[in-house]
Amino acid sequence: MSSRKKSVVVIGGGPGGYESALVASQLGAQVTVIDRDGLGGAAVLTDCVPSKTLIATSDFLSRFEAAGRLGVGFDASQEDQHAHANLGQVNERIMKLAKAQSRDIQAQLESVGVRIRRGIGRIKGHGWVEAELDNGETEDIRADVILLATGTSPRIMDSAKPDGERILTWQHIYNLTEVPEKLIVVGSGVTGAELAHAYLGLGSDVTLVSSRDRVLPGQDADAATVIENVFRRRGMTVLNRSRAMAATREGDKVIVTLEDGRKVEGSHAILAVGSIPQTKGIGLEAAGVDLTESGHIVTDRVSRTTAQAIYAAGDCTGVYPLASVAAMQGRVAMHHALGDAVQPLNLRGVTANIFTDPEIATVGYSQTDIEEGKIEARTVTLPLSTNPRAKMRNITDGFVKLFAVPGSNTIVGGVVVAPQASELIYPIGMAVQNRLTVDQVANTFSVYPSMTGSIAEAARRLHSSDII
């Protein structure tokens with residue numbers, strides 16, 4: 001009997017890739033990660049970590065503007081009382097943090113024996129991967145199991161070509177040294193809304209171009225309405241039902257042309273019109289890996305593709321564009337591939353967050369699911385304006401919404417719109433994941449005063465509405 005360790009080759013070093021590598025190593029496999037841009041992938045280097053750091057900086061600056069409403073001000077004897085962002089320094093710090101996080105991930109992988117090859121990986125026949133290395137060499141690597149975690153790249157319109165200086169994607173913005181004077185953000189999905197919020201807080205005059213009836217069209221309608229109202233109140237121009245057809249540069253200006261012929265002029269434009277999977281040219285078709293019409297890799301609930309011993313994780317699968325989901329897909333894949341106990345991916349337990357101010361956090365079934373008849377559930381919405389801790393912090397926008405199944409009173413979903421909703425959604429996520437009832441949540445002690453008190457109160461109201 002051969003004692004050879006199983007060989008696992010991971011193509012892509014993002015959350016799906018490096019988490020799968022850690023699990024595979026823990027389970028005794030010989031693991032190689034082929035990565036082109038740096039461990040952590042776009043999530044760490046150009047997307048999630050940098051953008052959330054930028055947003056955190058913007059939010060910090062916004063607190064100065066809000067301080068007066070709390071009775072706090074600057075010394076009147078000081079000549080310059082205006083807080084401002086030095087974007088060059090801000091972006092330098094952001095990139096240092098991202099690179100440090102990438103180095104930490106690489107060190108963690110190397111500490112458990114994972115080999116890292118810098119370059120591009122391609123499937124080369126059954127059980128082999130070709131690594132085209134940055135040093136010009138090529139290496140063929142035996143692979144009993146292959147995990148694809150190649151991610152996505154920004155979608156580019158033929159009529160709106162980024163130049164990296166004035167017309168930008170989310171990959172370019174960290175090269176800016178000055179806050180854009182007049183910024184046009186094209187696209188009102190999660191990325192567009194978050195970046196529009198960030199630069200508004202940093203001092204840009206922001207116009208958000210949305211092709212839909214409202215911003216964040218894929219989110220809870222009540223939550224999206226709150227965010228759009230906050231955007232407008234803070235001075236952002238929101239153009240709904242306004243599809244962008246082109247973006248061109250004229251000297252130091254950018255002109256965005258809308259479908260109806262209107263033109264929007266700014267100093268910079270950020271294109272946030274979606275992403276495309278990086279699945280071309282890596283041998284998928286020849287290996288028998290099926291793709292969707294959009295180019296995403298087809299997977300099942302244990303991350304298997306349609307080809308034997310080939311798995312996939314992360315944004316390239318089109319399941320959920322979340323680092324947490326990518327990481328879980330990678331872990332599930334290796335548990336399954338290497339014969340360990342495995343629990344299939346359960347997307348109903350996924351918590352997600354949009355880092356606007358206030359934030360929007362969600363878990364489980366949605367209001368749309370209820371309205372479309374996918375599940376029967378009762379709903380309670382509790383505005384944060386009644387929460388004593390929110391009043392202390394001068395929070396007037398936001399709410400807690402819970403969904404529970406009639407009869408069993410099991411909590412099956414929830415929405416939180418609040419500052420740091422990403423922290424507040426966790427107890428609701430626990431309830432959904434573990435099928436807790438409204439009574440179990442309502443009877444759990446919450447601190448007084450606290451924001452989480454609104455979660456307990458919403459659960460109590462769901463109980464009351466059930467017995468009336």
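Mentor: A word on UniProt first: its positions are given in the numbering used here, feature names are shortened, and annotations may be inferred rather than shown by experiment. This is a predicted model, where local features need pLDDT of at least 70, side-chain atom pairs count only at pLDDT 80 or more, and totals for chains, interfaces and linings use all residues. Residues are numbered from 1 along each chain as its sequence is written, and side-chain values use heavy atoms, with hydrogens and water left out.

Trainee: Which residues does UniProt list for the dimerisation domain?

Mentor: The unreviewed entry gives residues 353-458 for "domain: Pyridine nucleotide-disulphide oxidoreductase dimerisation". That span is 32% helix and 26% strand, where helices (H or I, at least four residues) and strands (E, at least two) are DSSP runs, numbered from the N terminus.

Trainee: Glycine 398 catches my eye. Why is glycine 398 called buried?

Mentor: Buried means under 20% relative accessible area, exposed over 50%, and partly exposed in between (1.4 Å probe, protein chains only). Glycine 398 has 12% relative accessibility, so it counts as buried. Its place is the loop between helix 10 (388-392) and strand 21 (399-404).

Trainee: What does glycine 398 touch?

Mentor: Leaving out residues up to four places away in sequence, glycine 398 touches Val226, Pro383, Leu384 and Val417. Contact means heavy atoms within 4.5 Å.

Trainee: And arginine 241: is it buried or exposed?

Mentor: Its relative accessible area is 57%, therefore arginine 241 is exposed. It sits in the loop between strand 11 (237-239) and strand 12 (244-250).

Trainee: What makes the phi of arginine 241 notable?

Mentor: Most residues other than glycine have a negative phi. Arginine 241 has a positive value, near 50°. Alanine 309 also has a positive phi, about 65°, although it is not a glycine.

Trainee: What makes alanine 309 partly exposed?

Mentor: Alanine 309 has 28% relative accessibility, so it counts as partly exposed.

Trainee: Why is helix 3 called oblique to helix 4?

Mentor: Their axes come within 9 Å and cross at roughly 140°. Axes are lines fitted to C-alpha atoms, for helices over the stretch in contact, and angles run from 0 to 180 degrees between N-to-C directions. Angles under 35 degrees count as roughly parallel, over 145 as roughly antiparallel, 65 to 115 as roughly perpendicular and the rest as oblique. The crossing angle therefore makes helix 3 oblique to helix 4.

Trainee: Which proline follows aspartate 357 through a cis peptide bond?

Mentor: Proline 358, with omega near 5°. The bond from tyrosine 448 to proline 449 is cis too, with omega near -5°.
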